Amino acid sequence: LSIGAHTITLTATDSHGDTGSNTITVTILNNPPTVGIQNPANNSRFLFGKDTVSFNGNAVDPEDGTLSGSSMVWTSNLDGTIGTGTHFSTNKLSKGTHTITVTATDSHGAQGNDSVTIIVADNTSPTVTIESPINDFIYTYNDENIKLQGSAVDIEDGVLTGESLVWTLSGTELAELQIGTGPGPNFFNFHSYELWDTFTITLTATDSQGAVGSDSVTITIGE
């Protein structure tokens, strides 16, 4: 029977041509498929023109069973149709925030779908913060050393540590000098420098794709 409400009538005719009948109504349903996206995860970020994005999903229909192939269509609100089937990969997505939807259609035209949001963007520079010393700090010779401590967070890589963070010192008559790596605490001694000299301490962070971010503070050697 086709999908929809049917009026079913049974008619009986005896040998004399008399008839009797009874009628019932039945409805034939077509349930939509259940659809799920396993990959990519919602709110994932990918580098424009560099990352290949893998898409995986499934669809199960109560009447037809497991769906695949052309019955599953993947679309982006920015790029239109981007693939079919249970899995595929692409590195051709345009830059921006994409709503990715996979729509499954069963043999009778019923549809189910699932969606995730992903972001395709250029690599961003790390955000760097020097926590110690504070800007315009006056270092005195009574201090044994100065504490260097900071942090760096990258949207793509997360918290940066180790040699991806480099501390440097520069001044009017001083070529840039590396004085430490990592977030710290590191300690540096200014006893060999002249009174009232002013220096710039910079913390520079480099992410896995080579993007650079930095923060700087100024200190002065006082009495």
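Is aspartate 122 buried, partly exposed or exposed? Select it: aspartate 122 is partly exposed, with a relative accessible area of 40%. Keep in mind throughout that this is a predicted model.

**Stop 1: the salt bridge**

Keep aspartate 122 on screen and add lysine 95. Their side chains meet in a salt bridge, 2.8 Å from N to O. The pair links distant parts of the chain, 27 residues apart. Lysine 95 sits in the loop between β9 (87-90) and β10. Aspartate 122 sits in the loop between β11 (111-121) and β12. Now check the cover on lysine 95. Its relative accessibility is 45%, so lysine 95 counts as partly exposed, between the 20% and 50% cut-offs. The salt-bridge count for the model comes to 1.

**Stop 2: the open sheet**

Step from lysine 95 to the strands. Select β4, β11, β10, β7 and β8, in that order. They make an open sheet of 5 strands with mixed pairing. Color the edges next: β4 (44-47) and β8 (80-84) each pair on one side only. Look across the sheet to see the twist, which averages 30° from one strand to the next.

Zoom in on β7 (residues 72-76) and β10 (residues 96-105). These two strands run antiparallel and are joined by 5 bridges. Pick valine 73 and look across to β10: its bridge partner there is threonine 103.

**Stop 3: the nonpolar cores**

In soluble globular proteins, nonpolar side chains tend to be buried together. Here, show side chains for Ile146, Leu148, Trp167, Leu169, Phe188, Phe190 and Ile201. Of the 20 residues in the largest nonpolar core, these touch the most other members. Then turn on the strands around them. β12 (127-132), β14 (146-154), β16 (165-171), β19 (198-206) and β20 (212-222) each supply at least two residues of this core. β19 gives the most, with 4 residues.

Move on to Phe55, Trp74, Leu93 and Val102. They are among the 18 residues of a second, separate core.

**Stop 4: a nonpolar surface patch**

Switch to a surface view. Select Leu1, Ile8 and Ile24. Together they form a nonpolar patch on the surface, with about 310 Å² of accessible area. Finish on isoleucine 24, which lies in strand β2 (residues 19-28). How exposed is isoleucine 24? Its relative accessible area is 47%, so isoleucine 24 is partly exposed. A patch member needs over 30% relative accessible area, so isoleucine 24 clears that cut-off.

Note on methods
Residues are numbered from 1 along each chain as its sequence is written. This is a predicted model: local features need pLDDT of at least 70, side-chain atom pairs count only at pLDDT 80 or more; totals for chains, interfaces and linings use all residues. Side-chain values use heavy atoms; hydrogens and water are left out. Patches are made of residues with over 30% relative accessible area and no salt bridge: like charges are joined within 9 Å, nonpolar side chains (Val, Leu, Ile, Met, Phe, Trp, Tyr) within 5 Å. Accessible areas come from the Shrake-Rupley method with a 1.4 Å probe; for residues, only the protein chains shown count as cover. A salt bridge is a side-chain nitrogen of Lys or Arg within 4 Å of a carboxyl oxygen of Asp or Glu. Buried means under 20% relative accessible area, exposed over 50%, partly exposed in between (1.4 Å probe, protein chains only). A nonpolar core is a set of buried Ala, Val, Leu, Ile, Met, Phe, Trp, Tyr and Cys residues joined through side-chain atoms within 4.5 Å. Two strands pair if DSSP finds at least two bridges between them. Axes are lines fitted to C-alpha atoms, for helices over the stretch in contact, and angles run from 0 to 180 degrees between N-to-C directions.
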